[in-house]
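Please open the model in a viewer and keep the sequence panel visible. The tour below proposes a series of selections and states what is to be found at each.

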Amino acid sequence: MSQEHPTALLQIDGKSIELPVLTGTDGQKAVDVSKLYDEHKIVTYDPSLGSTSVCQSAITYVDGDNGILRYRGIPIEQFDRPSPNFIEVAWLLIFGALPTQDERDEFRARMTKHQLLHESLREQFGNVPPGSPPMAILSAMFSQLACYYEKFLPLGDEELFVEAATRIISKARTIAAYAYRRSQGLPFMYPDPALRFCGNFLHLMFSLPYKQYIIGQEIEDAMNLVLILHADHEQNCSTSTVRIVGSAQANLFASCASGVSALWGPLHGGANVEVMKMLEAIYNGGMTPEDCLKAAKDKQNPFKLFGFGHRIYKNYDPRAKILQTAAEKVFSQQKTEDPLLDIARKLEELALKDPYFVDRKLYPNVDFYSGILLRAIGIPTNMFTVIFALGRLPGWIAQWKEQHDNLNQRICRPRQLYMGEMEANYVPIEDRE
Ligand code: CMC
């Protein structure tokens, strides 16, 4: 067995099968079972994919044991700087390197050019019932973009990809804000080309026809930071969904729409809403922090301590730390406070002392403090997961592109272990018991 090409031996039914072992740049070993079925008619079993690498990727690195997150090798903490820039991070993730000044300016100009929605798409917002969940609207509108930009759907052309990617990122901000305006019965504002990405989003959310929203620099920076911290997180549930859908050569709009649907789930991006409901229930006297922990530990109770635990992080999620500090900074700049922040801190303190959470290595994740920062920015709770989606969009696009650029990529088609009846007979309805 040579060191350069290590192999693993699988012994099964008296047969010995040699399998190649791949090694990631971080030293992670992966047994390559991709030919196991074709050559030996054996499958592996890993229902929630906890031990399975589904792709090779060079976009985002997570070391869950040590609480490390890097985009294209750059530690996430380095993006927490004065005037952080989401558009720059989007470029970095999608195209693989930080943009030059010219690239950033051109990307920004393209974003500005495509920020408007087609008027008939804008009218669609009037057809959804008031109070509709904004995530449902976001997913539907992403799909509908394909109706307006059919010429950008063909795969394999870099310029068409850039056109589609720029449109979806830029229009997502307008769609997200309109979903909110519709839920409030407020008139839709047109984007302002003089504003940057996040400032424009805040304008679309909060300006009124007779009163321009004044965007504080600290609020615009906080919004940028939230989007940056959510921009990618390797093969999470929604990103894997985007990749699976994309592997069928579905277009970028359809693939991203599927990502929105996956993200909506309360175990994924929807957790930020659940955290807020939990903190509000404690604040309103509906439960104490101790009740909350007790319910989360009770295996008969489906309740979870939302914003805690992670498939990969067995340590503090680095994004949670940055978000907590950013929320404290915004409160101090605005000379305000939020009682929910104290409740969150108390819950964290109790959980981090409790053997249930300590033994299972459950720490605050990105969703634990993001809602508190979003509240400080003025974002209502029903928009939290939409903001997560807006932030995650460059990650979905980058991962979709990486997969499409791999000419060896086949359609994703997992196998199953069949446990049903091997053969049964159809019984006419009158003979059924
Ligand atoms: N509250 C109570 N128990 C928990 C929690 C929690 N938040 N998280 C994990 N556990 C328990 C879990 O029941 C299991 O217990 P046991 O060993 O007795 O069966 C043990 O901890 C280990 O869980 P796991 O295998 O590490 O969890 P998982 O990988 O299956 O699920 C998770 C990960 C994020 C879905 C889960 O931790 C969870 O439901 N957390 C609450 C929801 C949440 O905050 N989601 C956001 C995740 S981060 C951002 C994102 O992905 O969108």
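With which residue does the side chain of aspartate 338 meet in a salt bridge? Select aspartate 338 together with arginine 375: their side chains form the salt bridge, with an N to O distance of 2.8 Å. This pair links distant parts of the chain, 37 residues apart. Aspartate 338 belongs to the loop between helix 13 (318–334) and helix 14 (339–351), whereas arginine 375 is in helix 16 (residues 366–377). The structure on display is a predicted model. Aspartate 338 counts as buried because its relative accessibility is 8%, under the 20% limit. Arginine 375, at 31%, counts as partly exposed.

**Further salt bridges**

Next, select arginine 319 and aspartate 317. Their side chains also meet in a salt bridge, at 2.7 Å from N to O, and both residues are buried.

Move then to helix 4 (residues 119–124) and display the side chains of arginine 122 and glutamate 119. The two residues form a salt bridge in which the closest N and O atoms are 2.8 Å apart. Both lie in this helix, three residues apart, about one turn of the helix. Are the two partners buried or partly exposed? Arginine 122 is buried, with a relative accessible area of 18%, while glutamate 119 is partly exposed at 35%.

For a larger selection, take Glu106, Arg110, Glu159, Glu163 and Arg167, which are linked in a network of salt bridges. Over the whole structure, a search finds 17 salt bridges.

**The strands at the start of the numbering**

Now change to a cartoon representation and select strand 1 (residues 7–12) and strand 2 (residues 15–23). These strands run antiparallel and are joined by six bridges. To see one bridge pair, display leucine 10 and its partner in strand 2, isoleucine 17. Strand 1 and strand 2 form a hairpin with two residues between them. In the turn, aspartate 13 has a positive phi of about 50 degrees.

Extend the selection to strand 3 (residues 29–31), which pairs with strand 2 in the antiparallel sense over three bridges. Here leucine 22 stands opposite alanine 30 in strand 3. The hairpin of strand 2 and strand 3 has five residues between the strands, and glycine 27 there takes a positive phi near 90 degrees.

Glycine 24 is also in the loop between strand 2 and strand 3. It counts as partly exposed, at 32% relative accessibility. To relate this loop to another part of the chain, draw a distance from the C-alpha atom of glycine 24 to that of isoleucine 244: the separation is 22 Å, for residues 220 apart along the chain.

**A three-stranded sheet**

Select strands 4, 5 and 6 next. In which order do the three strands form an open sheet? The order is 4-5-6, and the pairing is antiparallel. Strand 4 (60–63) and strand 6 (74–75) are the edge strands, each pairing on one side only. Four bridges join strand 4 to strand 5 (residues 68–71); valine 62 has leucine 69 as its bridge partner in strand 5.

Within the loop between strand 5 and strand 6, select arginine 72. Its phi is near 50 degrees, a positive value in a residue other than glycine. Arginine 72 is partly exposed, with 24% relative accessibility.

A comparable selection is glutamate 234, in the loop between helix 8 (217–229) and helix 9 (237–247). This residue has a positive phi of about 40 degrees although it is not a glycine. Glutamate 234 is partly exposed, with a relative accessible area of 21%.

**Two surface patches**

Finally, switch to a surface representation. Select Lys35, Lys41, Arg410, Arg413 and Arg415, which form a positive surface patch. Arginine 410 is located in the segment after helix 17 (384–405). It counts as exposed because its relative accessible area, 63%, is over 50%.

The last selection comprises Val43, Tyr45, Leu417 and Met419. These residues form a nonpolar patch on the surface and together have about 470 Å² of accessible area. Methionine 419 is found in the segment after helix 17 and is exposed, with a relative accessible area of 71%.

Notes. Residues numbered from 1 in each chain as written. Predicted model: local features only at pLDDT ≥ 70, side-chain atom pairs only at ≥ 80, totals over all residues. Heavy atoms only, no water. Patch = residues over 30% accessible without salt bridge, like charges linked within 9 Å, V, L, I, M, F, W, Y side chains within 5 Å. Areas by Shrake-Rupley, 256 points an atom, 1.4 Å probe, with all protein chains shown as cover. Salt bridge = Lys/Arg side-chain N within 4 Å of Asp/Glu carboxyl O. Lys, Arg positive; Asp, Glu negative; His and termini not counted. Charge placed at Lys NZ, Arg CZ, Asp CG, Glu CD. Buried < 20%, exposed > 50% of the residue type's maximum accessible area, 1.4 Å probe, protein only. Pairing = 2+ DSSP bridges.
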